[in-house]
Amino acid sequence: KAIAAFERTLITTNSPFDRFLMGDKDAISARAKKGWALFQSKGCIGCHSGPNFTNSQFYKIQVPGSTDLGRYQVTKNEDDKFKFRVQTLRNVALTYPYFNNGSVWQLTDAIKIMSREMLKSETGDEEAKDIEAFLRTLTGEMPRFEYPVLP
């Protein structure tokens with residue numbers, strides 16, 4: 001419950017991409033627009049869709065170097081070995097290191113791994129940078145909190 005409560009505080013608003021979708025064509029760069037087009041054409045949107053860029057489903061992925069058995073550790077169902085929930089891409093530029101084992105520190109590297117492992121497609125450096133530019137537009141304004149003054 002504590003983790004879920006904390007995660008609710010991470011919801012941001014008014015990201016450049018949200019403004020772009022609402023008609024502000026200058027809210028994101030040309031590179032980010034190219035990255036958005038690649039994100040769609042490569043198939044990333046198949047799992048990273050909807051307002052939070054996740055379908056919340058579990059898929060099998062064995063990140064290089066990871067020994068984490070994923071959902072299997074909870075269900076003990078053999079079919080759940082190496083299955084992980086599709087993470088939201090909102091604020092992904094702020095949530096490094098990436099993957100279940102925290103082994104990847106650069107967003108472009110994570111993009112290349114996901115492309116290869118999940119889409120069976122190679123993504124070159126320039127394409128990864130374009131997609132990264134798009135993903136960075138998903139970072140919104142952090143909520144403001146007022147903490148009570150305690151005696």
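Helices (H or I, at least four residues) and strands (E, at least two) are DSSP runs, numbered from the N terminus. The model is predicted: local features need pLDDT of at least 70, side-chain atom pairs count only at pLDDT 80 or more, and totals for chains, interfaces and linings use all residues. Residues are numbered from 1 along each chain as its sequence is written, and side-chain values use heavy atoms, with hydrogens and water left out. This briefing covers two helices, the nonpolar core, the largest pocket and the backbone.

**Helix H3**
- H3 comprises residues 30-41, and its 12 residues reach 17 Å from the first C-alpha to the last, close to the expected 16 Å (1.5 Å times one less than the number of residues).
- Its buried residues (under 20% relative accessible area; exposed is over 50%, partly exposed in between; 1.4 Å probe, protein chains only) are Ala32, Gly35, Trp36, Leu38 and Phe39.
- These buried residues lie on the same side of H3, because they cover an arc of only 165 degrees around the axis (taken from the directions from the helix axis to the C-beta atoms).
- Ala30, Lys34 and Ser41 are exposed on the face turned away from that buried side.
- Helix H2 (16-21) and helix H6 (125-136) are the packing partners of the buried residues of H3 (contact means heavy atoms within 4.5 Å).
- Gly43, just after H3, has a positive phi of about 105 degrees.

**Helix H6**
- The end C-alpha atoms of H6 are 16 Å apart, which agrees with the span of 16 Å for its 12 residues at 1.5 Å a residue.
- Ala128, Asp130, Ile131, Glu132, Ala133, Phe134 and Leu135 are the buried residues of H6, and they pack against H2, H3 and H5.
- Glu132 counts as buried because its relative accessibility is 16%.
- Leaving aside neighbours within four places in sequence, Glu132 contacts Leu107, Thr108 and Ile111.

**Nonpolar core**
- The largest nonpolar core (buried Ala, Val, Leu, Ile, Met, Phe, Trp, Tyr and Cys residues joined through side-chain atoms within 4.5 Å) has 24 residues, of which Phe17, Phe39, Phe53, Phe134 and Leu135 touch the most other members.
- At least two residues of this core come from each of H2, H3, helix H5 (107-119) and H6, and H6 gives the most, with five.
- Leu135 touches Phe39, Leu89, Val92, Leu107 and Ile111, not counting residues up to four places away in sequence.

**Largest pocket**
- The largest pocket has a volume of about 1600 Å³; a pocket is an open set of points on a 1 Å grid over the protein atoms alone, where a 1.4 Å probe fits, with protein on both sides within 12 Å along at least five of seven lines.
- Grid points are joined across faces, edges and corners, and the volume is the space filled by probe spheres set on the points.
- The pocket is lined by 46 residues (those with an atom within 4 Å of a point), and His48, Val86, Gln87, Thr88 and Leu89 lie nearest its centre.
- H5 gives the most to this lining, with seven residues.

**Backbone features**
- Most residues other than glycine have a negative phi, and most peptide bonds are trans.
- A cis peptide bond, with omega about -5 degrees, joins Tyr96 and Pro97.
- Phe99 lies in the loop between S2 and H5 and has a positive phi of about 75 degrees although it is not a glycine.
- Phe99 is partly exposed, with a relative accessible area of 22%.
- Lys76, in the loop between helix H4 (72-75) and S2, has a positive phi near 60 degrees.
- Lys76 counts as exposed at 55% relative accessibility.
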